Each structure stands twice: as C-alpha cells, then as structure tokens.
Amino acid sequence: MFFGRKKRLETIDMNNLPVHIGVIMDGNGRWAKKRGLPRSAGHQAGADTLKKIVTECNNMGIKYITVYAFSTENWKRPKEEVNFLMNLLLSYLRDSEKTLAKENVVIRAIGGREELSEEIRAQIKKTEEFTKNNTGIVMNIALNYGSREELVRAAKKIAERTKCGEIQVDDITEDMISAELYTGGQLDPDLIIRTSNELRLSNFLMWQSAYSELYFTKTLWPDFSVRDLHNAILEYQSRNRRYGGV
Ligand code: IPE
Ligand code: IPE
Ligand code: MG
C-alpha cells in the first residue's frame, strides 16, 4: 500500500473539520460549453452538485456552508440568463422543503432582498421559516450578495446608531461591524473553495475571509464531487493557520 502517496488515500481528521466552508461555485457556463449545451444546462447541473455537496457536509458534521449563487455583479448578464438563474433559485428553494429540509438543514439567504422579485422574497421567507428549527448544517445561500454592498449596508446601520446618539464614534469595534453583516452571529469561514481555475474572490465574504484558508481547483462546479470536497478538506487540514502569530 502506498499509503499517503495520493491525497485521497489519507484520512480526514474528523476532529479538525472546518466549522464553516464557503464555496464560490464557478464554471457552470464553461462546463456547458464543453458539451455543446446552453449555459442554462450548466446551471442546472450545478444545482444538482450543490445538493450533493451540502448533504455530504451535513453528514460530516460541518456546521455552516455559505454558497455563492448570484453576485451583485451577475445582473450584468443577459436578461435571459438572469431570468433562468432566478427561476432555478426559486425551484431550488421550493424543492429544498422536500429534500434538504428533511435532512435537517437550516436554509437562509444572504444578500440584498430589495432587488429580488416578490415571488423569490416570499419563497425565501417561507423556506427560512420552514427550516429554522432544524439542527443540522446552516446553509447560507448568497443571492444578490456582494461584500462591498454588505459593508456599505453595515456602515449605514452603524452611522444611524451614531447619529441618534445610541453609540459614540469611538465605540465602533470590529465585532460591531461583523454583527451588522448578513453573516452576523456566525463564525467566519475556515475554508473557501473556488472551482473553475479562477484565482479571485469576486466580492465574496471579503471581511469574513480575513483568515480563511483558500482552496482553488481547476474542476468546474458541475463536476465537483464528494471526493473533491474531501481533497479540499485534506488540504485544509495540512495548512498551518498562524493568524499572524508564530
Ligand atoms: C457560476 O458559473 C454560476 C454563477 C455565477 C451564477 P458561471 O456562470 O460563472 O460559469 P462560467 O464562469 O461562465 O464558466
Ligand atoms: C462569482 O462568479 C459569482 C458566483 C459564483 C455566483 P463569476 O463568474 O460571476 O465571477 P467572475 O466574473 O469570474 O469574477
Ligand atoms: Mg464564472
């Protein structure tokens, strides 16, 4: 046995799992293009991959997963694609009540709600309500999410509190800013995975990722498998997290 020769032969240390994983699910369009299919087929396949990965994370005992589904910049895409993505998200949320919710998953959406259709806003409320008493993994779906928008929103809230005299400017702390983010009350991501060989954050959890371990893979999101997830966790477990210390 060439034990340890290949990553996948190593075993995951269940006592050192990332508590919170962030995922930038990228490469759906390229996956479809490679197959001569429309981009929408890639998004559909990506949604199926997401279900598998969330189920596995939940089974492993990971506490939080934040998945980037639609960025504040993705509105720039052709109307047709935006509509397809919105409908896909809507049916994903609806289906979740039969699938992920039964697996004890808590589903939440993070990002600006105002720009979303009334139908999606209502479905988000319904799904959040339906799953809020579950005790398994918390899945944050980043939908119309952008870190810069999130920080502006937090700054405005804190400015309001300062203006009305509730707090003084000098009282503002890092914890106060963290609390005003969509992820307020949750731990920062330990590991951020990005698929499709793009080496950037694209406005995803920029405040929260200050000390996240970053994992980039060439695999396109629809092809991302449970084994790929395990490899990302193994890589994470081989990192030395120093947080600026020694
Ligand atoms: C990620 O796949 C899904 C979203 C951004 C909504 P892309 O659609 O960005 O796929 P590529 O990057 O064009 O291959
Ligand atoms: C990031 O992917 C957003 C999501 C995965 C939802 P993009 O495909 O939008 O990012 P860029 O444009 O390559 O940076
Ligand atoms: Mg992309």
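## A buried aromatic pair

Both Y68 and F204 are buried. Keep in mind that this is a predicted model. The two belong to a wider set, as the structure holds seven aromatic pairs in total. A pair of aromatic rings is described by the distance of the centres and the angle of the planes. For Y68 and F204, the ring centres sit 4.6 Å apart and the planes meet at 25 degrees, so this one counts as stacked.

Where do Y68 and F204 lie along the chain? Y68 is in strand β2, which covers residues 64-71, while F204 is in the loop between β5 (191-194) and β6; the pair therefore ties together parts that are 136 residues apart in sequence.

## A second pair, and the cluster

Now for Y145 and Y182. Is this pair stacked or edge-to-face? Edge-to-face: the centres are 6.1 Å from each other, with 65 degrees between the planes. Here too, distant parts of the chain are linked: Y145 comes from strand β4 (residues 138-145) and Y182 from the loop between α6 (174-180) and β5, 37 residues apart.

Y145 and Y182 are both buried. Put the two pairs on one picture and you get a single aromatic cluster, made of Y68, Y145, Y182 and F204.

## Around ligand 2

Y68 turns up again at ligand 2, where the surrounding residues also include I24, M25, A69, F70, R77, R200 and S202. D26, N74 and R194 are part of that surround as well, and each of these three brings a polar side-chain atom to an oxygen atom of the ligand. For N74 the distance is 2.9 Å, for D26 it is 3.2 Å, and for R194 it is 3.3 Å.

How much of ligand 2 does the protein bury? Taken alone, the ligand exposes 390 Å², and the protein buries 78% of that.

## A nonpolar patch on the surface

Over on the surface, L199, L214 and F216 make a nonpolar patch of about 270 Å². L214 is part of strand β6, which runs over residues 213-216.

Why can L214 take part in a surface patch? Its relative accessible area is 33%, so L214 is partly exposed, and patch residues need over 30%. That sets L214 apart from the cluster residues Y68 and F204, which are buried, and from Y145 and Y182, which are buried too.

Note on methods:
Residues numbered from 1 in each chain as written. Chains lettered and ligands numbered in written order. Predicted model: local features only at pLDDT ≥ 70, side-chain atom pairs only at ≥ 80, totals over all residues. Heavy atoms only, no water. Patch = residues over 30% accessible without salt bridge, like charges linked within 9 Å, V, L, I, M, F, W, Y side chains within 5 Å. Areas by Shrake-Rupley, 256 points an atom, 1.4 Å probe, with all protein chains shown as cover. Salt bridge = Lys/Arg side-chain N within 4 Å of Asp/Glu carboxyl O. Helix = DSSP H or I, 4+ residues; strand = E, 2+ residues; numbered from the N terminus. Buried < 20%, exposed > 50% of the residue type's maximum accessible area, 1.4 Å probe, protein only. Near = heavy atom within 4 Å. Polar contact = N/O pair within 3.5 Å; in protein donor to acceptor, adjacent residues only side chain to side chain. Phe/Tyr/Trp six-rings, centres within 6.5 Å; stacked < 30°, edge-to-face > 60°.
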